[in-house]
Amino acid sequence: AAGRAPPEPYYGRYIGEFTNFAHGIKGSIYAVDESTLFVKSFAYDGTGPDAFFWVGKTPRPSPDGYIIPYPEEYAGMDPPILQAHNKTDIILRLPMGKRIKDIRWLSVWCRRFTVDFGEVFIPPNLDVPKPRVLPEFKRLAHGLRSSNISVLDAKTFYIPNLHYDGAGPDAYFWVGNGSEPNIMGVKVPNEMGSLDTLRGYQGEDIEIQLPGSLTVYDIDWLAVWCVEYRHNFGHVYIPRDLDVPPALGQTKITVSPMTTTTPRPTYSNCREILPNKLQVKWELQGEYIQIELFGRITEDQYMAFGLSGANGRPQMAQSDVVVAFYDTTARVFRAEDYFISDLSQCDGQRGVCPDERIGARNDVIVVSGDRKNGVTTIRYKRLLQTNEALYDTPIPIDREVSVIAAIGPLNARKEANAHSHTASDHNQDDIRINFSSRNDHACRSSLYEVKDESGPRPWPTRKIEGVRKFRASIGPTGGKRGYTAITGVPSWGIAWYVNDLLIPEITVERGQTYEFTIEGGSDSAQPARYHPFYITDSPEGGLGQKMGLEAAKQKAYAGVEYDEDGNAIPTGAGRYCEWEHQTIDRSAEIETFPEYMKTLVFKCEDGEPGYLNWTVPLNAPDLLYYQVSGWYNHNYSGSNPNGLQCFTHNNLGWKINVVNSGASVGSTFAYGVSTIISLVATSLLLRGHVLA
């Protein structure tokens with residue numbers, strides 16, 4: 001990728017320098033994209049009585065133009081008058097859908113006296129940098145797909161209609177160099193700016209930004225990559241002829257130190273209202289108060305903070321609070337102004353109601369939000385004194401005031417439902433805050449340091465005994481309830497389903513013959529869909545990727561033959577069949593495995609299953625494992641730094657208990673009743689769900 005990037009520093013297409021007529025106007029102007037200008041090192045003495053950035057399409061600057069507001073966000077109806085600047089880097093976004101091709105000049109203009117303080121002219125037919133549309137993600141594993149991906153600027157990707165089942169155990173957005181995604185890559189934060197492992201996506205439109213100084217000119221591909229198992233779920237290549245806008249802060253999630261932005265505040269005030277669950281930080285900003293809530297909450301919960309309904313005790317009734325949460329439907333952070341008239345569900349007139357539902361307005365402004373490592377942070381501000389006397393309580397700054405806080409579930413309307421009445425869900429003691437304080441810092445540690453001891457209850461291990469015929473296909477691991485909880489080792493994101501059960505323990509008898517129908521894939525050119533079945537004494541498996549002494553440490557009992565050089569050749573391979581998520585992985589919210597199975601759909605590719613007949617040796621050990629053998633090309637000499645190890649996978653299966661003849665339960669039956677029902681159900685599913 002070296003040599004593709006434009007010369008640094010890169011600000012876009014150069015337009016020219018301001019010509020100064022008055023008040024010391026200076027600055028270099030660049031076209032960032034079709035509707036954005038960048039002024040490098042802008043200078044102005046600030047003494048003009050009614051000066052603005054001004055653009056138009058007349059031959060020279062004139063009253064026939066319009067304002068580019070700066071700063072872009074401002075309070076009140078009218079844009080603010082331009083203040084003094086000394087070598088300030090400024091981003092100007094053309095208003096009302098205008099584009100650079102629609103204007104002929106940029107001026108610093110005094111509207112009252114119709115005077116041009118300084119000007120620059122836009123060259124005709126200026127070729128400005130533009131976003132670049134790429135293909136969609138290549139579809140390799142875990143239901144990853146998208147619509148066409150766009151490079152918005154030198155650091156930002158727009159990924160529309162993103163689908164991913166979220167079942168990869170260590171998956172991230174991943175960028176790097178080379179002909180294929182590989183281990184020498186770099187993690188890219190998700191759309192929330194977090195480096196948590198990727199969650200599931202259901203057709204969402206997201207933007208992600210390359211970390212640090214990395215730009216699209218430095219990389220060859222963007223992928224979704226499983227770090228632990230070195231596996232590519234899908235990728236898109238970055239062309240070498242990019243001419244995209246620079247990343248100067250003009251794109252929604254991009255923040256660059258070279259531009260003037262509002263810095264994240266460093267608070268000196270912090271109180272932990274709910275131990276290990278909710279902290280509040282605040283600072284006064286003129287007529288406003290800015291508050292940031294930190295809560296260990298899930299995506300279906302809210303955190304609430306505000307003034308108590310009675311000073312001197314924590315009272316919910318008659319209280320004025322803000323309810324903050326992450327809206328999983330709209331994919332935005334929200335902070336809503338609430339008035340609690342009484343402790344009942346809002347009926348549109350009374351109860352725990354958003355102000356907007358009872359004829360008032362939401363006086364809370366969301367500033368920012370984030371969610372990482374189990375902690376949701378939402379920063380918002382509101383006026384100390386609003387003009388709604390009925391539903392908004394003024395926030396005093398001359399004395400202490402009692403506050404309340406709570407954590408609870410959201411209902412279907414994305415409104416606050418009743419919380420539990422425990423000390424961990426709302427404050428039971430009177431907590432008072434003087435919001436004019438400048439050093440009220442009682443938080444001893446960060447909520448990010450709190451260990452989450454909770455977690456979903458694991459599903460019990462399933463067992464198959466007294467059965468002679470088995471069907472092995474692929475399916476999801478069941479998150480924290482499934483593979484890892486059963487085996488105690490991390491999963492790769494998929495696992496064996498035997499007779500429609502997630503990695504059951506199988507009991508076999510020495511001297512008896514068993515038949516396995518295998519549907520783990522037969523095309524070694526598709527590593528994500530190639531999982532040959534074999535039986536081994538290794539709890540890890542993956543014989544195909546082992547060499548020399550490492551391979552000699554395990555013994556294969558079925559499903560493997562050896563060539564003349566002693567290399568393992570898998571024989572337990574057949575067409576690919578998989579239990580897939582209908583949407584995303586819902587294992588965390590589903591208590592039982594049978595209910596979880598209802599969220600899956602069984603699909604098979606064309607082809608024939610594989611078959612494996614195994615007579616258990618009389619000297620077989622008491623414990624064996626069914627695993628994936630895979631295949632490793634020992635003569636491969638390509639450029640991929642991984643070789644072909646991604647053609648094999650460890651830890652997809654589980655235990656085979658070996659007992660003496662006649663010692664297993666129901667050993668006289670060829671099929672267990674439950675297994676027969678399971679196989680019939682799968683057969684019916686197969687008829688209606690065949691992949692092209």
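## Salt bridges and a five-stranded sheet

Let's start with a count: 32 salt bridges turn up in this structure, which is a predicted model. Side chains of opposite charge can pair when their charged atoms come close. Three of these pairs are set out here.

| Salt bridge | Closest N to O | Relative accessibility |
|---|---|---|
| Glu-119 with Arg-60 | 2.6 Å | Glu-119 5%, Arg-60 48% |
| Arg-399 with Asp-398 | 3.1 Å | Arg-399 47%, Asp-398 61% |
| Arg-575 with Glu-519 | 3.1 Å | Arg-575 17%, Glu-519 1% |

Take Glu-119 and Arg-60, joined by a salt bridge. Glu-119 sits in strand β9 and Arg-60 in the loop between β5 and β6, so the pair ties together parts 59 residues apart in sequence. Glu-119 is buried, while Arg-60 is partly exposed.

What about Arg-575 and Glu-519, whose side chains also meet in a salt bridge? This pair links distant parts of the chain, with Arg-575 in the loop between β38 and β39 and Glu-519 in strand β34, 56 residues apart. Arg-575 is buried, and Glu-519 is buried too.

Some charged residues go beyond pairs: Glu-191, Arg-199 and Glu-204 form a salt-bridge network.

Now back to β9 and its sheet. Five strands make up an open, antiparallel sheet in the order β2-β9-β8-β5-β6. Strands β2 and β6 are at the edges with a single partner each, so one side of each has no neighbour in the sheet. Further in, β8 (residues 105-110) and β9 (residues 115-121) run antiparallel and are joined by six bridges. Trp-105 faces Phe-121 of β9 there.

Conventions:
Residues are numbered from 1 along each chain as its sequence is written. This is a predicted model: local features need pLDDT of at least 70, side-chain atom pairs count only at pLDDT 80 or more; totals for chains, interfaces and linings use all residues. Side-chain values use heavy atoms; hydrogens and water are left out. Two strands pair if DSSP finds at least two bridges between them. Helices (H or I, at least four residues) and strands (E, at least two) are DSSP runs, numbered from the N terminus. A salt bridge is a side-chain nitrogen of Lys or Arg within 4 Å of a carboxyl oxygen of Asp or Glu. Buried means under 20% relative accessible area, exposed over 50%, partly exposed in between (1.4 Å probe, protein chains only).
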